[in-house]
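Q: I'm new to this one and would like to go through it slowly. Could you put it up so we can talk it over?
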Amino acid sequence: LLLVYTILLQDNILNSKEETKALHQLFECVSLKVADHTELIEILQKMEMVVPNLTFIGMDNLGSAWHTLCRAVSGWKELGESKAGGKSFTSVLHFLRFPLQCLVDRESKFWREWGNLYSLLSAEGDVTIGIEHGQICSDMTERIITVFKSQDDDRKPTMLISQARCLAIMTEKIVFSGIARSLKHKQEEPLAGFKRNLSPLGSITKTIQHLNKICEKSLSLGDTELSELVLLVYSTLVTRMDQPDLLKPFLKLLLPNITQIFKEDNLARLDSGGLQDVVYKLYENLANLLENKLCHSKDTDLLDMMENFFILCFESKRPKIKNKISEVWTVTFSGLTSADLPLRLKTVLKKCASPGIKTQMSSSDSLSGELNSFPSSLEFMNNVVITEPAIEEALRGGAKPGTPVKTTRLSSRNSPFKEEKLMRSPLSTSSGGLKTKSPGMKPPAQIGRAHV
């Protein structure tokens, strides 16, 4: 078996343009005979040795060789190899690292086989005694990070898509309930609090941290395909989060990068790449998570951590983002008083047009004494210019209650009512009483005009 692989994995055969179909058929046949971890590692070493001498066609043929071997390994009954200290999955993990290190990005069927083998490996690792839940994800992440650091800066942008594809497959297999159980069991260990600060999400902490680095790269490079993969991975993580105890460290790791995504300049670039639906899908998933897990929350520490995200969304020029964040705030932190809110966030909320948020801010401010009441007479006089002296004197309290205000010559001069008009009245008097003066009739001769 190894002799056949030694012949087939020569650079002059792999680089040949002729009989590639027959070569792929040979790889398919011999891969079915590989059934041992030792044989797998020896074949993998031969693949690594021939890589520097391959052309583009040679790399394609080598990818087919790895692909057929991956399908054969997925059919093994046990992927772990028994050793003195227990089961080890090192050989298969090393095999899964090979495409990231040596091959360029491949077609979808290639990554389906990679994902199938990883899924089987992860499931077997989670039920293996002595292996922490999510440990396979952590070990695979360490290998991915090692490959990323070892690559040249010129090659890194082209390999980021392969890394993002692997992270997309790995995050789909994360079970947060298992992570929560593992962290709970570690609470009694020495230095448990210190370890929890270093790895707030246990074994998957490094996976999310590496995803954040790839997200930063995608925003700086402006690569549409890479950005789409990163958005889908974030959306998958947000959708799968179902543990309230893990929500706070989860948001602490993810939210800063997601906030960067929703900045207007980044949104405009993603819109130009046709990723509007993917972006809003992530936003809706995150909003649903917050509404379901933080209903009527009183956690001010969590609010401080989420302050930048809320401010960015409330100040967004996009109605879809602004309206949704108002709904999220009403469900989550609307029960907090004004004194509990961060100062910057409080300022933004006071400008919000949402009736519910306005009610919250008004009631909170009135309880804390920040709501402006109706002004007193003195405050009114200091801020309003009055040209009528009589009114001004009455407002300033110069006269006692019930005392008629004297009309001065100045007040009469400034008054819009002239004195001669005040002396006339449309009413007539007689011994029989008052009669209304009709505008269309002359008064009787015996009745004169009366002066009021």
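Q: What share of the contacts in the protein with a separation of 6 or more comes from residues 24 or more positions apart?
A: Such residues account for 73% of those contacts, a contact being heavy atoms within 4.5 Å. Please keep in mind that this is a predicted model, in which local features need pLDDT of at least 70 and side-chain atom pairs count only at pLDDT 80 or more, while totals for chains, interfaces and linings use all residues. Residues are numbered from 1 along each chain as its sequence is written, and side-chain values use heavy atoms, with hydrogens and water left out.

Q: OK, how many helices and strands are there?
A: The protein has 24 helices and four strands, taken as DSSP runs numbered from the N terminus, with helices being H or I of at least four residues and strands being E of at least two.

Q: And what share of the residues is buried?
A: Of the 452 residues, 42% are buried, where buried means under 20% relative accessible area, exposed means over 50% and partly exposed lies in between, using a 1.4 Å probe and protein chains only.

Q: Which residues are buried in α16?
A: Among them are Val278, Tyr280, Leu282, Leu286 and Leu290, and the list also includes Asn285 and Glu291. The elements that cover the buried residues of α16 include α13 (224-240), α14 (244-261), α15, α17 and α18.

Q: Why does the length of α16 agree with what its residues should span?
A: Helix α16 (residues 276-293) has 18 residues, which at 1.5 Å a residue should span 26 Å, and its end C-alpha atoms are indeed 26 Å apart. The expected span is 1.5 Å times one less than the number of residues in the helix.

Q: Switching topic, how many salt bridges are there?
A: The count comes to 12, where a salt bridge is a side-chain nitrogen of Lys or Arg within 4 Å of a carboxyl oxygen of Asp or Glu.

Q: Which residue does Arg71 pair with?
A: Arg71 forms a salt bridge with Glu28, and their closest N and O atoms are 2.9 Å apart. This pair links distant parts of the chain, since Arg71 is in helix α5 (residues 56-73) and Glu28 is in helix α3 (residues 20-31), 43 residues apart. Arg71 is partly exposed at 34% relative accessible area, and Glu28 is also partly exposed, at 30%. Glu28, Arg71 and Glu113 are linked in a network of salt bridges.

Q: What about Asp271, which residue is its partner?
A: Asp271 forms a salt bridge with Arg318, with the closest N and O atoms 2.7 Å apart. Asp271 lies in helix α15 (residues 264-272) and Arg318 in the loop between α17 (300-314) and α18 (319-332), so the pair ties together parts that are 47 residues apart in sequence.

Q: Is Arg318 buried or exposed?
A: Arg318 counts as buried, at 15% relative accessibility.

Q: Back near the start of the chain, what is Lys46 in contact with?
A: Leaving aside neighbours within four places in sequence, Lys46 is in contact with Leu2, Thr6 and Leu9. Lys46 is found in helix α4 (residues 37-50) and counts as partly exposed at 28% relative accessibility. Lys46 and Thr6 are 40 residues apart in sequence, yet their C-alpha atoms are 7.2 Å apart in space.
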